[in-house]
Amino acid sequence: MTVKEQVKELWRICFDDTEAFIELYFKLRYNDRVNIAVQMNNEIISALQMIPYEMTLLGQIIPTSYISGACTHPQYQGKGVMKELLRKSFLRMIDEGILISTLIPAEPWLFDYYARMGYSPVFNYSTRTLLASELKPSSAPISIKKSTVYSEDIYRYLNRKMHERPCCIQHTADDFNVVVADLILSQGQTLSAHRQEEITGIVLAAPKDEVLEIKELFAEDKETTDQLLWEASRLYPDCRQISVVSPMTGNSDETTVRLGMARIIHTPLVLQLYAVAFPEVTINIALTDHQLPMNTGFFKIAKGECEFSITKEETTNYQMMTVNELTRSVLEPLHPYMSLMLN
C-alpha cells in the first residue's frame, strides 16, 4: 500500500469517523508532504498531518502548523511513539519557519497529554443558546441566499471579516472549499444576507440532533443577524434550539468552552513580535523547553527589542517559565480564536 493508503487505514482504526468524512479528508485535506509518520517492519504505526494555516497575531500575519489526525496503532500506544513523532514535527516546523503549532485534542484527557509536550489550552469559544420559536425576522430589506457549494463571493466576505479578528486562525480559499464540503456532509448550508446585491452577513449552519449549530456568523448589523438566524431556523424546523458559536464577549448568557491548544515553536521570533507590540514592557525570562532545547535560554525584552542568550547574566533577575507558561502568557490575554477546523 502507498503511504496515503496506510495512513488512511490507520485513521479508520483509531478514529470513530464516518467513511464519508474519511474520504473527504483524504481527498481534499491530506497529502504526503504534510504527513509525518513512524514505521515499523515497513508498516506505518503512527502518523499526523501538519496542516499550514496563517494566523493574525500582534498586528502581523504569521505561519502556524495545525496538528491533525495524530494517532498511533493501539498495539503501540503507551510506548512513546507519539512523543517522538511530535518532536520530529517540531523540528520540521523550525526548519519551515513555523512560529506556533496548534491542535484540538480529540478527547478531554488529551489536554493533559499535549500539555506535557509544551501545549497550553488557549483557544476557547463562547456558545449562546436561542429558542427557534422566539426568533423573529427583520423588517429591513434583506434578502437571504442559500448555498451548498463553494462561493467566491462568500469566501471573500468571510476572509475579510476573519482578518478583522486580531488573534485568529485564518482560512485560504482551498481551506474554505474543504469546510463547505464537510458542512454538506453534516446536512448543513451556507446562508448569505444581501442588501442591494452586496453581502452584509453570512452563517454556516448544520443540524446536530435537535440543535442547529451556527458554526460561524458574521453580520454588519443586528437586523442582518436576526434575519440570518430566523432563515436558518426555518430551514431546519426539527431543531428547536439554536447554538451560536463565537469568540468570547463576556455576555452573561454565553457559555465558554475549551477548544484548542497552542505551542510556541520559534520562541525568539514570537517574543520579538511581542516586544514590538508592547514596547512599554520590560521582562527577563529564563525559558525551559524540553522538546526544543534550542529555545531554552535567557530572553531580555525591553524597549521593543528581544535579546536571546544561552548564558545567564548573574546581575539580571529572570522570571522562570516553561514553554507552556510562556505560550499562555503571550496568547491568553489576546483571546485567540479558531473555527471551521473540521473538528
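Visitor: Let's start with a single side chain: is Phe-308 buried, exposed or partly exposed?
Guide: Happy to, and please keep in mind that this is a predicted model. The relative accessible area of Phe-308 is 34%. Buried would need under 20% and exposed over 50%. Because 34% falls in between, Phe-308 is partly exposed.

Visitor: And what is the status of Phe-299, buried or exposed?
Guide: For Phe-299 the relative accessible area comes to 1%. The limit for this class is under 20%. Phe-299 therefore counts as buried.

Visitor: Let's step back to the whole chain: how many helices and strands does the secondary structure have?
Guide: You can follow both kinds of element along the model above. The chain's secondary structure comes to nine helices and 16 strands.

Visitor: Why can the chain be called as compact as a globular protein of that length?
Guide: The comparison rests on the globule rule, which gives 20 Å for 343 residues. The chain is close to that value, so it is as compact as a globular protein of that length. Its own radius of gyration is 22 Å.

Visitor: What does the C-alpha trace span along its principal axes, and what share of the residues is buried?
Guide: Along the principal axes, the C-alpha trace covers about 70 × 55 × 35 Å. Of the 343 residues in the chain, the buried share is 51%.

Visitor: Which percentage of the contacts joins residues at least 24 apart?
Guide: The count takes contacts between residues at least 6 apart in sequence. Among these, the share joining residues at least 24 apart is 71%.

Visitor: How far apart do the centres of the positive and negative side chains lie?
Guide: There are two sets to compare: 32 positive side chains and 43 negative ones. The centres of these sets are separated by 1 Å.

Visitor: How many aromatic pairs does a search of the whole structure find?
Guide: A pair of aromatic rings is described by the distance of the centres and the angle of the planes. Searching the whole structure turns up a total of 16.

Visitor: How are the rings of Tyr-155 and Phe-176 arranged?
Guide: Their centres lie 5.9 Å apart, and their planes meet at 35 degrees. Stacked would need planes under 30 degrees apart, and edge-to-face over 60. The pair of Tyr-155 and Phe-176 is therefore tilted.

Visitor: Which helices does this pair link, and are the two residues buried or exposed?
Guide: The pair joins distant parts of the chain, with the two positions 21 residues apart in sequence. Tyr-155 belongs to helix H5 (residues 152–163), and Phe-176 to helix H6. As for the second part of your question, both Tyr-155 and Phe-176 are buried.

Visitor: Back to our opening residues: what is the distance between the ring centres of Phe-299 and Phe-308?
Guide: Their planes stand at 35 degrees, so this pair is tilted. The centres of the two rings are separated by 4.6 Å.

Visitor: Which residues form one aromatic cluster?
Guide: This one is a nice set to highlight in the viewer. The cluster is made up of Trp-11, Phe-15, Phe-21, Tyr-25, Phe-26 and Tyr-30.

Visitor: Where is Gln-187, and what is its phi?
Guide: Gln-187 sits in the loop between helix H6 (173–185) and strand S8 (189–195). At 57% relative accessibility, over the 50% limit, this residue counts as exposed. Gln-187 is not a glycine, yet its phi is positive, near 65 degrees.

Visitor: Which phi does Asp-209 have?
Guide: Asp-209 lies in the loop between strand S9 (198–208) and strand S10 (211–219). With 73% relative accessibility, Asp-209 is exposed. Although Asp-209 is not a glycine, its phi is positive, at about 60 degrees.

Visitor: Is Thr-200, in strand S9, buried or exposed?
Guide: Beyond four places in sequence, Thr-200 touches several residues, including Tyr-157, His-194 and Phe-218. Its relative accessibility is 10%. Because that is under 20%, Thr-200 counts as buried.

Visitor: Finally, which residues does Pro-166 touch, not counting those up to four places away in sequence?
Guide: Pro-166 is in the loop between H5 and strand S7 (168–169). Pro-166 is exposed, with a relative accessible area of 62%. Its contacts beyond those four places are Thr-56, Leu-57 and Leu-58.

Notes: Residues are numbered from 1 along each chain as its sequence is written. This is a predicted model: local features need pLDDT of at least 70, side-chain atom pairs count only at pLDDT 80 or more; totals for chains, interfaces and linings use all residues. Side-chain values use heavy atoms; hydrogens and water are left out. Helices (H or I, at least four residues) and strands (E, at least two) are DSSP runs, numbered from the N terminus. Buried means under 20% relative accessible area, exposed over 50%, partly exposed in between (1.4 Å probe, protein chains only). The radius of gyration is taken over C-alpha atoms; the globule rule is 2.2 Å times the number of residues to the power 0.38. Contact means heavy atoms within 4.5 Å. Lys and Arg count as positive and Asp and Glu as negative; His and the chain ends are not counted. The place of a charge is taken as NZ of Lys, CZ of Arg, CG of Asp or CD of Glu. Rings of Phe, Tyr and Trp (its six-membered ring) pair if their centres lie within 6.5 Å; planes under 30 degrees apart count as stacked, over 60 as edge-to-face and the rest as tilted.
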